Amino acid sequence: MSSSEQLEEFMNGLIRRNPGEPEFHQAVHEVAQHILPFIQANPKYEKAQILQRLTEPDRIVSFRVCWEDDEGSVRTQRGYRVQHSNAIGPYKGGIRFHDNVTQSILKFLAFEQTFKNSLTGLPMGGGKGGSDFNPKGKSDREIMRFCQSFMTELCRHIGPFTDVPAGDIGVGGREISYMFGQYKRIRNEFTGVLTGKGLAFGGSEIRVEATGYGVVYFMEDMLAQKGEKLEGKVCAVSGSGNVAQYAVEKLLALGAKVITMSDSSGAIHDPDGITTEKLAFIKHLKEVKRGRISEYCDEYPNARYLDGKRPWGVPCDLAFPCATQNEISGEDATLLVQNGCKGVSEGANMPSTKEAIDTFQKARIMFAPSKAANAGGVAVSGLEMTQNSMRLSWSREELNQRLRAIMGDIHRKCVQYGKSDDGHVDYLKGANIAGFVKVADAMLAYGVI
Ligand code: NDP
């Protein structure tokens, strides 16, 4: 059977077993296209049915979350935790609060997380959780009541040696604090059960910055591989949340020019470049005022607001999608390439559609998939777990050095497994295979479980 027939047969079976889960199908396809031929060349994995087992989560917990809004009305939401694989360590992955959260989205995220965590070299399995709760426009008290109710159920499924959740879209320091407080209260234990905690209660320096910084470090390494630098490069960034803010901060520190950011309502294009001062305005706007990115143009009138649009039509050298899944369509990718974009480093999880990835790969531009490029966040979460276990805190400098080293190491692994004879590096293939090998070898060692 040819490898494309094999892939088709495998995907048909997966789609039959998981109907109505397009994001999960997409994520598995992205991995299986490289892993199936690799397995064929390494039959020990085939006999043990490793890929078949890895596409079935260890378990999925789904539960009701009831809370009372400020008017006294009772609201009902659905909560989930997908525990995908604990082959190489406790389940680890974020919690997402967004009204579009479905089981399919959390399954794709948990699946990806297993490979990503493996790439970091740290002992962490993969998981993901969340709820269809929409935090936008909710008061602080409503957020608190929801988080407490969510944790009241979740706490029986997690633990420092079992499953250690973190933040994601809609879950930042505030939400982690409410959930950690509730866990501590119910279980009467102070343990590193969540990461992304406040510095006063077991959090780690650099965690807030880690994903965004890591995305830029990965791009720095891809450019260095070609003898180039970030300095002077014109960059388009999407999103204006945690990942986007710190990607922009690091890009500015390394001398790049950032001309776009966005939120779910639209994008801003600032031809003069977003400076450190303008970034501080955005951080305050998003973290304190919880306002919309369009307000940037009231403050800086030279910038234009692209209502309802994404930034990919703006010419740039490098693109950093840092908002959400499938935010770069095939047409967006074509536009980026036509306008001279030479590299993409994915800050968000699976922000490029299959068509977009095909376009980048056909154009042979540098393409860093999220499981490699945004692994810095979970890597520092892993270091937060280490610090919690050792009951000590490392300095900012020490953690930044460790983060830099881990990103460099992930880049090296991707080159090892993704470089072809003509010197071109397929980072997607490299990340998929490098992430797979460690998990697969652990599964082989355990026998059939
Ligand atoms: P935040 O909630 O802090 O920010 C998300 C940003 O994306 C906001 O600007 C938001 O706009 C925008 N956004 C959300 N949904 C959509 C949508 N459907 N269409 C367009 N824009 C949207 O989340 P993070 O920055 O933490 O996460 C961003 C991405 O990075 C996610 O894919 C996440 O999984 C991934 N990631 C995050 C990590 C972390 O450490 N935080 C680690 C690894 C990956 P608005 O304000 O309008 O909602």
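Q: How far is a polar side-chain atom of Asp168 from an oxygen atom of the ligand?
A: The model is predicted, so local features need pLDDT of at least 70 and side-chain atom pairs pLDDT 80 or more, while totals for chains, interfaces and linings use all residues. Residue numbers start from 1 along each chain as its sequence is written, and side-chain values use heavy atoms, leaving out hydrogens and water. A polar contact is a pair of N or O atoms within 3.5 Å; within protein, one must be able to donate a hydrogen and the other to accept it, and residues adjacent in sequence count only if both atoms are side-chain atoms. For Asp168 and the ligand oxygen, the distance is 2.6 Å.

Q: Which arginine has a polar side-chain atom 2.6 Å from an oxygen atom of the ligand?
A: Two arginines deserve a look. In Arg207, an N or O atom of the side chain is 3.0 Å from a ligand oxygen. The 2.6 Å distance belongs to Arg292.

Q: How much of the ligand's accessible area does the protein cover?
A: Accessible areas come from the Shrake-Rupley method with a 1.4 Å probe; for residues, only the protein chains shown count as cover. On its own, the ligand has 900 Å² of accessible area. The share covered by the protein is 84%.

Q: How many charged residues are in the shell around the ligand?
A: A residue is near the ligand if one of its heavy atoms lies within 4 Å of it. There are 25 such residues, and Asp168, Thr211, Ser264, Arg292 and Asn349 come nearest. Ala, Val, Leu, Ile, Met, Phe, Trp, Tyr, Cys and Pro count as nonpolar, Asp, Glu, Lys and Arg as charged, and the others, Gly among them, as polar. The shell has five nonpolar residues and 13 polar ones, and its charged residues number seven.

Q: Between which domains does the ligand lie?
A: An automatic or database assignment sets the domain bounds. It gives domain 1 (3-54), domain 2 (59-190) and domain 3 (208-363). Eleven residues of domain 2 contact eight of domain 3, where contact means heavy atoms within 4.5 Å. Two domains both give residues to the shell, so the ligand lies between domain 2 and domain 3.

Q: Which side chain makes a polar contact of 2.9 Å with Thr195?
A: Thr195 sits in the loop between helix H7 (173-187) and helix H8 (207-225); helices (H or I, at least four residues) and strands (E, at least two) are DSSP runs, numbered from the N terminus. Leaving aside neighbours within four places in sequence, Thr195 has contacts that include Val164, Ile176 and Glu384. Its 2.9 Å polar contact is with the side chain of Lys92.

Q: Is Ile206 buried or exposed?
A: Buried means under 20% relative accessible area, exposed over 50%, and partly exposed in between (1.4 Å probe, protein chains only). Ile206 is in the loop between H7 and H8. Asn188 is also in that loop, and at 70% Asn188 is exposed. Ile206 has a relative accessible area of 3%, so it is buried.

Q: Which residue's backbone nitrogen lies 2.7 Å from a polar atom of the Ser262 side chain?
A: Ser262 is part of strand S7, and at 5% relative accessibility it is buried. Not counting residues up to four places away in sequence, Ser262 touches Val237, Ala267 and Pro311, among others. The backbone nitrogen belongs to Gly239.
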